[in-house]
There are 2 protein chains.
Amino acid sequence: MWKPDRTSKIALYQQISDYLEQRISYGEFPPGSLLPSERKLAEQFEVNRSTVISAFAELRSTGIIESRTGSGTRVSTSKWGATPKHTPNWSRFAEGGSFLPNLPFLRRIREALAQHPTLIDFASGELSADLAPTDEIAELMSKNAYTSYLGYDNPQGSMLLREALVDYLHNYRGIQASESSILITSGSQQSLYLITQCLLSPGDAVAIEDPSYCYSLPMFQSAGLRLFRLPVDTHGIEPEDIRTLYKKHRIKMVFLNPNYQNPTGTVLSDERRKRLLEIISELGLPVVEDDPYSLTSYDGLPLAPLKSMDTMGSILYIGSFSKIAASGLRIGWMVAPRSIVERLTDARQQMDFGLSIIPQQVAGQFLQSSYFHPHLERLRIQLQFKRDLLIESLEKELSGLIEYVVPVGGIHFWCKLIPNIPDSILLEESIKNGVVMVPGSVYGSDSGYVRFTFSRAKPDEIALGIARFAKAIRSLI
Amino acid sequence: MWKPDRTSKIALYQQISDYLEQRISYGEFPPGSLLPSERKLAEQFEVNRSTVISAFAELRSTGIIESRTGSGTRVSTSKWGATPKHTPNWSRFAEGGSFLPNLPFLRRIREALAQHPTLIDFASGELSADLAPTDEIAELMSKNAYTSYLGYDNPQGSMLLREALVDYLHNYRGIQASESSILITSGSQQSLYLITQCLLSPGDAVAIEDPSYCYSLPMFQSAGLRLFRLPVDTHGIEPEDIRTLYKKHRIKMVFLNPNYQNPTGTVLSDERRKRLLEIISELGLPVVEDDPYSLTSYDGLPLAPLKSMDTMGSILYIGSFSKIAASGLRIGWMVAPRSIVERLTDARQQMDFGLSIIPQQVAGQFLQSSYFHPHLERLRIQLQFKRDLLIESLEKELSGLIEYVVPVGGIHFWCKLIPNIPDSILLEESIKNGVVMVPGSVYGSDSGYVRFTFSRAKPDEIALGIARFAKAIRSLI
C-alpha cells in the first residue's frame, strides 16, 4: 500500500494531496463519492492527522473535494459535473525544474525595494539616474531613429556595435579584438550564464573569489558546478591558490573580477597579476575575467584588464554597459576565441534568438559619440564624491564599530561590522528603519560583513541612509 | 599503463593529445625533452600510428611541442621558455556543457544564408522587410524617444507594455489577463526556454505535436525531457492521444500550436478543441499554447486561442511580435498563473536580468497606436497573396510530384514530395540551385516532407525560387 516518501523534498501533505488527486482523476473515487475519514487516512499513510487535514485543504482549494460539517469529505459534483476537472497543480510546477531560485536575501531585498519606494538603496549594483547619460542617449535616439528593417539580426550581435567595441576595447582597455571575436550579450549576467551552461558540465570544479559576486548567482549551482574558493585579501587573490586547487580538484575554470572587485572593492596587485598569468598558462587553465568597473578609477587612469596582458589566449573577457552607462540598455559583451564565440552564439540563439537591434544600435552610437568620454569623466568624479560622503557618514555614525579599506574605484564599499549581529536580523532591522544594503553572506563571506553600494543612492540620501543604518545597528547591540 | 578509452565519445587522437599535454604540464617531459617516437607511442597506446600523428599535430598547433625532420619531437623551449605554457583547449570547452548544439540542418541553412545572400529564402520563419511596419515603428520612435532613466527595469517586463498587452489580449485574442499575469520575454523562444528549464525536470515526459516546431529545438533534449508525439492530421491532433500518453508515460505537460500550426499550417478543429479542454482538465494537465500566427487568418477573422476557452487555468499562453510585426524587436509574452510568472521572472533575472526597456516601449506604443490594426489588414492580404504565388508556382513547376493542404492562415506551407529523395541530398542540391527551404525531418516527420515559409521571400522571388527548387528536384530523380 502506498505511503508518502519521508526522504522526499516534497512535503508530506503535498504528496498525499497529489496521490489522492491521482486516484480521483483515474476514477477510483467518482464524483460525489465519500472519501475515507481524516483519521483513517492518517493511519493508513502513517502520518499525523494534521497532515491529512492540510492535504484535504489543498484539494478543496482546487475544487476537487468538498467537506461539509458532519457529513465528511466528498469528491465534488456540483462544481465540476460528472467528470472531475482539475487545474494543474501550478505551485508544484513552480517548484520544479533544475533552475534554483535566487538567494532568499536577494529576493527579500528586491521585494522590500518594490514595496517601499522610499527605502534608501545601498543594495542595487547600478548607477543613480543623475549618473546615467540619459539626455545624451535620448538625443542619439531621436537623431538616429532606427529606420531599417527590424528582422532577426545576427545572433552574435549587431555589426555596428561590434565594430564600435573593437575601437573601444583598443582605446580604453588595451585589448586587440576583431568583430568576429566579440559576442554581444544582454549584460554580464547573460555572459556568465552562457559560460556556465555551455562550456562547463555538471560536476565540473571551478574556482571563484571569496567573497565573490559569483557566489550570489544560483546559476553556478544550477549548472551543477562544484565551487572552490580563492580567498581575497587587500591585494586580491593569491595566485598560488589556483595551482593548489588545480592539483587537488582539477578545477576547469577560474572566475575573477580583478579590478575593484565586487563586493570587496580590491584591486589585484601587479605582482600577483604576473604570477597569475604564468600559472594559468602553465596549467592551460581558462580564466573568465569580469571587468565592469575599471573605467571608474578615481585617479582618472582606467586600470588595465588581465586580458590586455593575455598573450596565450587564456582569458574570456566580459564587459558591460551596466555599471558605466545604463543598465537598462541591457548590453554586455564577451571577447573570446572564435570556437567559443561560435558555440555560445548557437546556444544563445536557442535561448532568446538574440538581442533586439535597437538598444545595440543606441549603445554603438553612444560609444562612438563625443558624449562618451566626458560622460566617463563626470561619472568618476561623482562616484568618488559619493564614496567620500559614505565614508564621512559611516565615520560620523559608526566610528569604532566598523572596519574597512577605502576603495579607489568602482561602486561598492565592503565593511566589517564589529558588533556580532546575524545577517538576517540586521537586514530586517535595516529595512524597518528605511534603508537596505546586502549582507556579506550573500557573497559567501562570514556573517558580520556588509556591502554598501554607493552609486545608486542620491548624494543627499547617503547621510540619511547611513543614519538609519546606524539606528538599526544600535537597536540591536 | 594508460590507454585511450575506446568507448568514449572523445576522439582517440584527442584523448592522446590531452594525456600527453597533462604529462608535459606536470613536468614529466620538461621543456626541450624528446618525446617517444610516433611508432612507440602507437604501440604503447594500441592505436594506429596516424592517430598519434594527429595527436602530435594538435599539440604542435598550440605550441606545446615542436617537430624537426630527422630529430624527432620535443617539448617546446624557444617559444615558451623554461615553463611550458598552454592555451586552454578551447575546442574541448566548446564541445562541453549540457547545452546541445542546434540541429545540423538548421546550422547548415543558417550558414548557407549567411554565405550566399542571393539565396531565395523559404526557410526563415519571419516576415519580409515590406511586410514589417518599419516606417510606423520609426515614426513612433522618433516621436517618443525614451528620455527617462535607463536603469534596471522590472524583470517581469515594462508596465507600459504589459498594460498595452492587457488591452490587446482582450480585444484581439479574447483573453482576460491582468498585468500581473503577463511576463514579457524576448520572444516565444525564450518563453519555451524558461518553461522547459524552470518548470520541468530532467526525465519528465512531455507531449508535442508530430510534426512540430518543438522537435527542432534542442532545448527540449538539453533539458533532459522525454518527448512523446501527438500525430497531426488535417484537423490537428487527436485529443484522446493525450489521455493515452498520460496513462502510459505520465506526461507532465503538452505543447501545442493549435492555429496554423508550424510546420503543417493546420488548424485544430472546434470539436477537438472542446474534447481537448475536457481531457486536460480531467487530468489536471497543463498545456503550453504557442499562438504566433492567429492574427494572419486570411478570411480576416483572427482565430480564437484555446486560452480564451480555458476556464480552468490549465493553459500557459505564449504570444509574440515576431510573426505579426517585427522579429527584430525581440518581444514576446506569456500569460500564466501568478506563481508561474513569479518563478519564471526570478529565473530570467538570473539568465539575462530582463529585457532592455527601449524595444518594450516601442512595442507597447505600436500596439496602442492607430497603426496597429491597418498593419494587420495589410499583412493578411499580402501573406495570402504570397501563399497564392507559391501554390501557383508549385503547380506550374512540380504538378503531380507534390501533395499538400492549402493553409488558410500563417506563414508556412507543408508539402509532401512524391519522389523519394533523402533530406540531406535535397537540401544541398537546393542550396546549389540558389534556394533554401527546411526538410521536414527537422520537425520530426518522415523523410520526403518540406516546409516552405512564404512570408520571407519577396513576391517577385517566389516563382524564381520554386523554379530553382524544381530544378533541384528534377536533377535528383
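Salt bridges in a predicted model

Colleague: Is A:Asp291 buried or exposed?
Modeller: The model is predicted. Its relative accessible area for A:Asp291 is 6%. Since the cut-off for burial is under 20%, A:Asp291 counts as buried.

Colleague: Which side chain does A:Asp291 meet in a salt bridge?
Modeller: The N to O distance of this salt bridge is 3.0 Å. A:Asp291 sits in the loop between β9 (287–290) and β10 (315–320) of chain A, and its partner, 118 residues apart, is in helix α7 (residues 159–173) of chain A. The partner is buried as well, with a relative accessible area of 2%. It is A:Arg173.

Colleague: How many residues apart in sequence are the parts that B:Arg108 and B:Glu428 tie together?
Modeller: B:Arg108 and B:Glu428 form a salt bridge, with the closest N and O atoms 2.7 Å apart. B:Arg108 belongs to helix α5 (residues 104–115) and B:Glu428 to helix α16 (residues 423–432), both of chain B, so the parts they tie together are apart in sequence by 320 residues.

Colleague: What is the relative accessibility of B:Arg229, which forms a salt bridge with B:Asp210?
Modeller: The closest N and O atoms of B:Arg229 and B:Asp210 are 3.5 Å apart. B:Arg229 is in strand β6 (residues 226–233) and B:Asp210 in strand β5 (residues 205–210) of chain B. B:Arg229 counts as partly exposed, its relative accessibility being 35%.

Colleague: Which residue of chain B is joined with A:Arg107 and A:Arg110 into one network?
Modeller: The count over all chains comes to 44 salt bridges. Salt bridges that share partners join A:Arg107 and A:Arg110 into one network with B:Asp346.

Key: Residues are numbered from 1 along each chain as its sequence is written. Chains are lettered from A and ligands numbered from 1 in the order in which they are written. This is a predicted model: local features need pLDDT of at least 70, side-chain atom pairs count only at pLDDT 80 or more; totals for chains, interfaces and linings use all residues. Side-chain values use heavy atoms; hydrogens and water are left out. A salt bridge is a side-chain nitrogen of Lys or Arg within 4 Å of a carboxyl oxygen of Asp or Glu. Helices (H or I, at least four residues) and strands (E, at least two) are DSSP runs, numbered from the N terminus. Buried means under 20% relative accessible area, exposed over 50%, partly exposed in between (1.4 Å probe, protein chains only).
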